[in-house]
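Let's take a stroll through the inside of a protein and see which side chains meet there. Keep the 3D view open while you read.

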Amino acid sequence: MDSSASRSDADLLAISAKIVVAGGFGVGKTTFVGSVSEVPPLSNEAWMTEAGAGVDELVPPGTKSTTTVAMDFGRITLREDLLLYLFGTPGQARFWFLWDDLSRGALGAVVLVDTSRIDQSFAAINYFENDSELPFIVAVNQFEGAPVHDLDEVRDALALSPDIPLVTCDARDPKSAVATLQELVSHTLSLAVVSGPGREFASLS
């Protein structure tokens with residue numbers, strides 16, 4: 001066997017990584033995962049009914065009829081040597097106990113924010129700031145017709161640390177969602193270079 005060919009094949013071996021897509025109820029997690037997944041996304045959605053009144057958060061009528069009750073799952077080849085498995089968390093407070101399991105072994109997390117219901121984002125950001133060691137970025141989902149806010153104002157409203165990247169995205173647009181994932185990977189790599197562990201990812205930057 002040609003040794004140079006063997007080295008070339010080894011160089012192209014893909015690294016797989018788990019990514020968590022988190023956020024409050026109705027911020028676009030299922031849409032984000034579905035827009036970039038190169039395989040039919042798995043989504044554990046259940047219809048919202050009157051039985052959930054007083055238990056689940058409410059959104060404006062006509063904007064959402066289902067809710068994720070376990071997780072969303074998708075896969076994307078970010079580049080030829082980096083395969084990402086996307087796990088979307090449920091947004092309802094009664095399913096937050098799943099977040100620890102979904103975050104275990106992940107490379108990083110994207111926390112989606114809806115500025116029209118910014119209070120829905122506090123719990124997710126608090127989780128990754130205080131209850132998890134997972135690197136994360138925050139992405140403001142640009143809903144159609146939603147007001148556009150200066151990112152500095154959003155950072156202040158979220159009381160977000162200056163070292164946490166804050167970006168905008170459109171969860172419906174695959175290019176925008178991919179750019180958000182690239183931002184997360186870059187942020188994670190920068191932390192790995194500084195801290196030492198995870199040097200195997202250095203060649204991806």
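## F32 and its neighbours

Start by finding F32. Setting aside residues up to four places away in sequence, F32 touches V21, L112, C169, A171, A177, T180 and L181. Bear in mind that you're looking at a predicted model.

## Two nonpolar cores

F32 also belongs to something bigger. The largest nonpolar core has 25 residues, and F32 is among those with the most contacts inside it, together with I19, L84, L86, V110, L112 and L181. Which elements give two or more residues to this core? They are the strands β1 (15-23), β3 (66-79), β4 (82-88), β5 (108-113), β6 (136-141) and β7 (166-169), plus the helices α2 (29-36) and α6 (174-195). The largest share comes from α6, with five residues.

There's a second core too, separate from that one. This one has 20 residues, including W99, Y127, V140 and L158.

## A threonine in a loop

Now look for T115, in the loop between β5 and α4 (122-131). Is T115 buried or exposed? With a relative accessible area of 15%, T115 is buried, because the cut-off for buried is under 20%. Which residues does T115 contact, leaving aside neighbours within four places in sequence? They are V140, P147, H149 and V154.

## Rings that pair up

The structure holds six aromatic pairs. In one of them, the ring centres of F73 and Y85 are 6.1 Å apart and the planes sit at 15°, so this pair is stacked. F73 is in strand β3 and Y85 in strand β4, twelve residues apart, so the pair links distant parts of the chain. Both rings are partly exposed: F73 has a relative accessible area of 22%, and Y85 comes in at 27%.

Compare that with F128 and F136. Their ring centres are 5.7 Å apart and their planes are at 35°, so this pair counts as tilted. These two are buried, with F128 at a relative accessible area of 2% and F136 at 4%. F128 and F136 also join W99 and Y127 in one aromatic cluster, and W99 and Y127 are names you've already met in the second core.

## A charge over a ring

One last stop: K18 and F87. Where does the charged end of K18 sit? It is over the ring of F87, 4.9 Å from the ring's centre.

Note on methods
Residues numbered from 1 in each chain as written. Predicted model: local features only at pLDDT ≥ 70, side-chain atom pairs only at ≥ 80, totals over all residues. Heavy atoms only, no water. Core = buried A, V, L, I, M, F, W, Y, C linked by side-chain atoms within 4.5 Å. Buried < 20%, exposed > 50% of the residue type's maximum accessible area, 1.4 Å probe, protein only. Helix = DSSP H or I, 4+ residues; strand = E, 2+ residues; numbered from the N terminus. Contact = heavy atoms within 4.5 Å. Phe/Tyr/Trp six-rings, centres within 6.5 Å; stacked < 30°, edge-to-face > 60°. Lys NZ or Arg CZ within 6 Å of the ring centre and 35° of its normal.
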